[in-house]
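Biologist: I want to know what stands behind the labels people put on a model. Take me through the reasoning.

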Amino acid sequence: MAELDTSGGGHKKKGPGVKKGKKLSTRVDLTPMVDLGFLLITFFIFTTTMSQPTAMKLFLPDDKVNPEDQNKAKESGVLTILMGADNHIYYYEGQLKSDGSNFLSASYNGENSIRDVIMKKKADVRSRATDPNNPEKDLVIVIKPAKECTYKNVIDILDEMAINVVKKYALVDISDGESQLVSISDKSAQAQP
Amino acid sequence: MGRAKLPRKSTTIDMTAMCDVAFLLLSFFILTTKFKPAEAIAVTTPSSVASKVAPTKDFVLITITKDGKVFLTMDDEQKKETIANALNTTRNLGIDVAAFKKAGFFGAPLAGMKSFLAIPEENRKGDQLPGIPVMDSTNNELVTWMQLINESYAGAKMDLLLKGDNVAKYPSFKGVINALKKNDILKFQMITNPENAPMGSDLWKQSMNGVKQEN
């Protein structure tokens, strides 16, 4: 796009004998500069909007108000998720059997992810629903983080609730028995990677 | 036979005006961008699908670092003054109110508050400070803090934010939650990085159908 001074040819002759001084063009091609300008603008716009942090809302249940309201969840609709060390995650449906046979392990993403487990549970609850207006009424997910799990794990699971549109979930303290089960499972998972 | 000559028109456009606009916009964006101030407390937040932008006014921010230490940040100096005075009268700590007002964040046990404020602002680094004790359920000082904050805000709008590091362990998060529960604060927001809903999930289907996200 380099610009040439083509105006020289179109000049009126100044009359015979008058020598034309050679005029150098003062024009600069600004196209690359414009390119650069817009490139920088795009860069700034993207970097500013991307770094805006978002906030995730969390409502805690009130412990003091009507305790008899608790534990009302139907056993068939309950899914308990336990988080252990090193991004290990476990779950069981309904109540934990005394022999621990329904204590299963999952992962945060990839194969056998917790998302699939939640979706399966959701479909299961929906298939057995009695109230057609609110088919997911019975679905309750209980989240029990163990001592060793990280903040990220907790957020990931809470996020998973948002992703799968689970209406009822609760962040509950882990019981001693479950905590032991989680730490044993963590150790055995470490032993056989 | 000569052909009729068509006048050759130049295809170049004058770029000066466009260049002016581009750089005007550029300078506008550069000048209006607020750069993130260097943070005394380094925290890498996890990401979530939440799309609501975190509030930047009238907030109380609780930060959990990767070692599980808890820090508190407030933006309202008036409220800070109230809290400092309340601490001085009830606990007799002898806090320098002016320094307390100017402090960007708090991260020391109440007993060590005076020496914390004696450290120059630029030398207060999150990894060297003890943080507010929350782990011990009998001595959870965040309870006191939240109680004072509640009192100073008394009905005014206040956004409680929680910002935790990816690798912070759960017990410190639980300590914070316990402190909030004790003060009947059951609603708070957690700062995260935005992320898109994964394909095929229920939330993704909802957003495809145009249902607005609630959170």
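Modeller: What follows is a short exchange on the contact, the strand pairing and the cores of this predicted model.

Biologist: How many residues does each chain bring to the contact?

Modeller: Chain A brings 41 residues and chain B brings 52 residues. The cut-off is C-beta atoms within 7 Å.

Biologist: Which elements make up the side of chain A that touches chain B?

Modeller: Helix 1 (31-50), strand 1 (54-59) and helix 3 (151-163) of chain A each supply at least two residues. Helix 1 of chain A gives the most, with 10 residues. By class, that side of chain A splits into 23 nonpolar, 8 polar and 10 charged residues.

Biologist: Why are strand 1 of chain A and strand 6 of chain B called paired?

Modeller: Pairing needs at least two bridges. Here 6 bridges join strand 1 of chain A to strand 6 (residues 187-194) of chain B, so the two strands count as paired. They run antiparallel. A:Thr54 stands opposite B:Thr192 there.

Biologist: Which residues touch the most other members of the largest nonpolar core?

Modeller: A:Ile81 and B:Val176, in a core of 72 residues. Helix 3 of chain A contributes the largest share of this core, 7 residues.

Biologist: What does B:Val176 touch, leaving out residues up to four places away in sequence?

Modeller: B:Ile62, B:Ile64, B:Val70, B:Val134, B:Leu142 and B:Leu162.

Biologist: What lies apart from the largest core?

Modeller: Another core, of 5 residues, including A:Leu30, A:Ile41, B:Met15 and B:Cys19. Members of a core must be buried and joined through C-beta atoms within 7 Å.

Technical notes:
Residues are numbered from 1 along each chain as its sequence is written. Chains are lettered from A and ligands numbered from 1 in the order in which they are written. This is a predicted model: local features need pLDDT of at least 70, side-chain atom pairs count only at pLDDT 80 or more; totals for chains, interfaces and linings use all residues. Two residues are in contact if their C-beta atoms, placed from the backbone, lie within 7 Å. Helices (H or I, at least four residues) and strands (E, at least two) are DSSP runs, numbered from the N terminus. Ala, Val, Leu, Ile, Met, Phe, Trp, Tyr, Cys and Pro count as nonpolar, Asp, Glu, Lys and Arg as charged, and the others, Gly among them, as polar. A residue is buried if 20 or more other C-beta atoms lie within 10 Å of its own, exposed if 12 or fewer, and partly exposed in between; C-beta atoms are placed from the backbone.
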